[in-house]
Amino acid sequence: MHVASRLQRLLRPVAVAAALGLAAVGSAASLPAASAAAEPAQAPAADPWRPLAHYTPQTNWMNDPNGLVYVDGEYHMFYQYNPEGTQWGNMSWGHAVSTDLVHWEELDVAIPYTDDYGVFSGSAVYDEHNTSGLGTADNPPLVAVWTRADNHNGNQSQSLAYSTDSGRTWTTYNNGDPVLDIGSTEFRDPKVFWDEAAGRWTMVVALSADHQVAFYSSDNLIDWTRRSTFGPMGDTSAVWECPDLFPMALDGDPNNVKWVLSLSVAGMGRYFTGEWDGTAFTADELPAYTGEGTVLEDWESGTYDGWTTSGTAFGDAPASGDAAGHVGSYYADSWGSGDADTGTLTSSPFIIERDYLNLLIGGGNHPYDATATGDDGGGRLLTGFDAGHWEGWTVTGNAFGDAPLTGTAPGQQELINMRGTGVLNSFYDATTGQGTDASTGTATSPEFTIDADYLNLLIGGGNHPEADAGGATVVQLLVDGQMVRTATGRNLEELNWQSWDVRDLRGSTARVHVIDANTSGWGHILLDEVRLSDRAATTIPNNTSVNVVVDGEVVASATGPQSGTLDWAGLDLRQWKGRQATIVIEDYNQTSEWGHLLVDTIVASDIAGFSQNQAMPYLDHGRDYYAAVTWNGAPDGERYTVAWMANWDYAGAVPPGPWRTAMTTPRRLELHSLDGAPRLTAEPVAGIESLYTGDAVVLDGTAIPEGTTALDDTVAGTSLDISLTLDPASATTSGVVVHAADGQGTAVGYDAKAGEVYLDRTASGVTSFSTVFPSVERAAVSPDADGRVRLRVLVDASSVEVFAAEGAVTITDVVYPEPGAAGVSLFADGGEATATQLRIRHLSDYRDDSPGPTPSPSPSAAPGATPTAAPTGAATSPGASATPGVPSAGTSTGPSAAPSGQVAAPGGGGGPLARTGVATPLLVLMALATVAAGVALQALRSRN
């Protein structure tokens, strides 16, 4: 054998030992070798998005968690459940139990719906002293308090059910008749707990449409007395739901207890902190912007002097109504004669002299879109339905008559953006000639050859995609009889352009196939023009926005809160200081969905304006964290919470499967003083570690050059727990991409310029089921004193959860990656960065493992982590502007970020060995490796 070969074989074990030692102490390399890992668990191929580490029912629809209670070593989790299908309906209480909040056992339906009512959200308590009389002193009951939603009139009231066999079977109290009824259709989601100080039961229940919470008390869970109400305050842009009230020791001090009142509003979890005296809740004061700066315009002259109007929306003079939140006597209002009016209001030019432009704004939430030019793409018109007959189309069912309609059907709202004289409109019953959603049918075009790059559709109507169990309202492209593209409406009578990229189908023979199989609300489809073109059509503008324009370009923009109440918004103009600008207030929205804008008191300021909505703290900054509530009776005074991991904007349209939607990872809450205010922090429960499988992949000290760096296949997986300490260095954005594959991935990154952590799912895989699903979520985070950003990212088959700033900031989004998208990449844009610590653990399926012990407190970072700096600044709203470096077609991945990892010991002493706590053993190992290598070399020299 050649000497060199023998040397390699002799030294291989020694080299491996030395390499492991170097890797463990953080020896830097451009791409450190990964540790061996077990074959990662994967979701079944037939059910690719079923999570491994998040609870889902085996089948059917699920939403809000309900009845969270701990009794006799079991955590009970009830939830809104449809036992008969994968769409919302037939609301009942599903049920699962766990001993560690990770391994769940699904049980039978606990409280089923009836023909008379649905069983909506609520809570459960252990009536230890049998105050209700529904059990016995020796066998106290579990009592569930839930909202009875009457089917015949929509009335919402509170009813009871009880169990005396550990929640396995339930009996409705008094046949489900209410124990509390105020005659309201907006009175729901009771959270009940035993108030030790008051010596009685307290109920916290939402007066949803009033943006209020009511507090009731009872000695027996049956007879309730109203004590007080709280609100409106904070975010009043949508109904309040799922309230919870619980005490938290501030900074761990049991002598300094604050109370937290949490809510779900506008698709997100929010909360107040304050005081509870057993009768009323008093919230801590929220930060407020009060108009500091120089007023540029307030229209108090009663005229538009210095402004130019176009269209009919703004009228001849400012409005003088009583809009909530306006200041003085006058304000700009684009209501005109109704939401259908459009127009603009443009200021005289001015010089930007201050950092921010702040303004009071209300009305519709329809942001400015620079790409929305209304270009139809030109090309060849396949059909416009203007000939007065079907022009070779084949129609079936009763939704289409003998010819296309010439506009609206009887009883239908006016159609917006209709072209020509005809339109395919399935809000019609051909038998009666009346407008209705109850009709169904299909319409199929003649064959045509795809001889251009894009097929552009002017489409509107109901948002019911293929996956809608209630029936689809879609336009399909068929090639060889197979559906290859699909589109649906947006629940609007507004027609707007959608485009299919058909470059891969050029030369194919195709048909357009329209389906209306839905008989519920918005159960119809609209189609006007169909065009073949070599360029994609662009959306027709429908914004309601205030735009700052510099050199003809919109450089900053604000839109309304979908509310008639005006509140402050701030536009950052720092990079445009010294430049000439104009303010253009635009209303191009003709829909009845808040298709107007209100504006008052425009201020130039060095302080960013912000609304009370923005000032109210977030439980989570993601799009998919709703209806969060906490467990009653958790051991050791711990406070655990879970939320529904979905969003009403698209929950019913997500890709189909035997189940629909999941719960978040249960989280342990603490309350800390951050930036001078009490703020909740959250971390995954410790039991998640019982799902770890295989060895940890340790890639500490990984350099991240500019661009995207794919990690080794041993890292790949669809269910991961990633801890990342990121040194942004010179990079403008840097982080990690998960579920990565060619042209797709979900990016978690840090934007150094904005000082924000973000989650970008715009290229996350399947996104076309909803126009509002592709999004970027952001939250302000300050690096630690050492300039590093510590993140923890929990990845599952259809979700990504980000924990930053020691859990003071979390972002939760669902994603639907294409099959096989399991890669992990690092990225840096605008410079280089370093993953000073990177640890990755694969997660197994909770259904396969034995339950672990009751969860106990553990840090959200790896063991030994120390608190990071508190986040500063207000978080931007979901759906902020796209982030540089996101994955795009033709590149393997794009921007991303990672989770929390180990941190230097307090005081900053020692090197990497001091951080790991294994310095002595590793140094000994390296010394032995060096000696062994020397002996082997000497032996070889002697023999040869």
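Which strand gives the most to the lining of the second largest pocket? Here are some notes that lead to the answer and on to a few other spots in this predicted model.

1. **The second largest pocket.** The answer is E14, with six residues of the lining. E1, E5, E10 and E44 join E14 in each supplying at least two lining residues. The space in this pocket comes to about 1,000 Å³. Its lining has 40 residues, and nearest the centre you will find Trp194, Asn632, Gly633, Ala634 and Arg639. Sorted by class, the lining of this pocket holds 20 nonpolar, eight polar and 12 charged residues.

2. **The chain as a whole.** If you step back from the pocket, you can count 58 strands and four helices in the protein chain. The chain has 944 residues, and 56% of them are buried. Taking contacts between residues at least 6 apart in sequence, 72% join residues at least 24 apart.

3. **The largest cavity.** Searching the whole structure turns up five cavities of 30 Å³ or more. The largest cavity has a volume of about 130 Å³. It is lined by 18 residues, with Leu619, Tyr625, Leu669, Leu680 and Ala682 closest to its centre. Four strands are worth colouring here: E40 (626-630), E44 (667-674), E45 (677-684) and E56 (809-814) each provide at least two lining residues. Of the contributors, E45 gives the most, with three residues. The lining of the largest cavity is made up of 11 nonpolar residues, six polar ones and one charged.

4. **The second largest cavity.** This one has a volume of about 90 Å³. Its lining has 14 residues, and Pro65, Gly122, Ser123, Pro190 and Val629 lie nearest its centre. At least two lining residues come from each of strands E1 (60-71), E5 (117-126), E10 (187-195), E14 (240-249) and E40. E1 supplies the largest share, four residues. By class, there are six nonpolar, six polar and two charged residues around the second largest cavity. Some of these strands will be familiar from point 1: E1, E5, E10 and E14 also each supply at least two residues to the second largest pocket.

5. **The nonpolar cores.** In soluble globular proteins, nonpolar side chains tend to be buried together. In this model, the largest nonpolar core has 38 residues, and the ones with the most contacts inside it are Leu711, Ile722, Val757, Val800, Val802, Leu838 and Ile840. There is also a second, separate core of 28 residues, which includes Leu357, Ala556, Trp576 and Ala581.

6. **A closer look at Val802.** Which residues does Val802 touch, leaving aside those up to four places away in sequence? They are Val748, Val757, Leu759, Leu791, Arg792, Val793, Val809, Thr810 and Ile811. Among them, Val757 is also one of the residues with the most contacts inside the largest core.

7. **His103.** To finish, have a look at the loop between strand E3 (92-98) and strand E4 (105-111), where His103 sits. Is His103 buried or exposed? His103 counts as buried because its relative accessibility is 4%, and the cut-off for buried is under 20%. The side chain of His103 also makes a polar contact of 2.7 Å with the side chain of Asp100.

Notes. Residues numbered from 1 in each chain as written. Predicted model: local features only at pLDDT ≥ 70, side-chain atom pairs only at ≥ 80, totals over all residues. Heavy atoms only, no water. Buried < 20%, exposed > 50% of the residue type's maximum accessible area, 1.4 Å probe, protein only. Polar contact = N/O pair within 3.5 Å; in protein donor to acceptor, adjacent residues only side chain to side chain. Core = buried A, V, L, I, M, F, W, Y, C linked by side-chain atoms within 4.5 Å. Contact = heavy atoms within 4.5 Å. 1 Å grid on protein atoms, 1.4 Å probe; cavity = no way out; pocket = protein on both sides within 12 Å on 5 of 7 lines; lining within 4 Å. Points joined across faces, edges and corners; volume = space filled by probe spheres on them. Nonpolar A, V, L, I, M, F, W, Y, C, P; charged D, E, K, R; others polar.
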